Amino acid sequence: MAHMLRNLRVPPNSASLEEARTRTFEFFRMCCRSIPQIMDIYNLDDIVSPSQLRSAAAAHVRKNASVTDPRVIDMLLFKGMEELKNIVDHSKQRHHIIGQYVVGNQGLVQDLAPNDQGLSSFLKNFYSSNYS
């Protein structure tokens, strides 16, 4: 474990916003280059295409597009690099990858049919009063 910590190097802080922007693009390219390996490791070919994973990675990068402080961008890049390393090193399980990057923030597909057909009026009132 100690030898891994010696090899982990924190990149120096970005001197300007332009340098942080360049590092962000380099990180995104690194993510895109590792997608085929991730697809093989986690056997995602039957669930998602590489372009969909690329779009998910782009969405995560764009989510923080409004950040303008280079120190915050460096911190986000460090967290992103750590996440990518964990994924490539197979530190996560398949369902973690599916839940975070395939399904994403949309949540699981919900059944749109009404499920309260067999419920009593007491349960309907109870659910509506406590969960509305």
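F122 sits in helix α6, which covers residues 121-130. The model is predicted. F122 counts as exposed because its relative accessibility is 59%, and the cut-off for exposed is over 50%. The points below take the surface at F122, then helices α2 and α3.

**Surface patch**
- F122, F126 and Y127 make a nonpolar surface patch.
- The patch has an area of about 330 Å².

**Helix α2: length and bend**
- Helix α2 runs over residues 17-42 and has 26 residues.
- At 1.5 Å a residue, α2 should span 38 Å; its end C-alpha atoms lie 35 Å apart, so the two values agree.
- A bend of about 40° occurs in α2 at I35.
- The proline P36 follows I35 within four residues.
- N43 comes just after α2 and takes a positive phi of about 55°.

**Helix α2: buried side**
- The buried residues of α2 include A20, R23, T24, F27, C31 and C32.
- Also buried in α2 are S34, I35, I38, M39 and Y42.
- I35 is thus both the site of the bend and one of the buried residues.
- The packing partners of these buried residues are α3 (50-63), α4 (70-88) and α5 (94-103).

**Helix α3**
- Helix α3 has 14 residues.
- From first C-alpha to last, α3 reaches 20 Å, close to the 20 Å expected at 1.5 Å a residue.
- L53, A56, A57 and A58 are buried in α3.
- The buried residues of α3 pack against α2 and α5.

Key: Residues numbered from 1 in each chain as written. Predicted model: local features only at pLDDT ≥ 70, side-chain atom pairs only at ≥ 80, totals over all residues. Heavy atoms only, no water. Patch = residues over 30% accessible without salt bridge, like charges linked within 9 Å, V, L, I, M, F, W, Y side chains within 5 Å. Areas by Shrake-Rupley, 256 points an atom, 1.4 Å probe, with all protein chains shown as cover. Salt bridge = Lys/Arg side-chain N within 4 Å of Asp/Glu carboxyl O. Helix = DSSP H or I, 4+ residues; strand = E, 2+ residues; numbered from the N terminus. Buried < 20%, exposed > 50% of the residue type's maximum accessible area, 1.4 Å probe, protein only. Expected span 1.5 Å × (residues − 1). Bend = angle between axes of the 7 residues up to and from the residue. Contact = heavy atoms within 4.5 Å.
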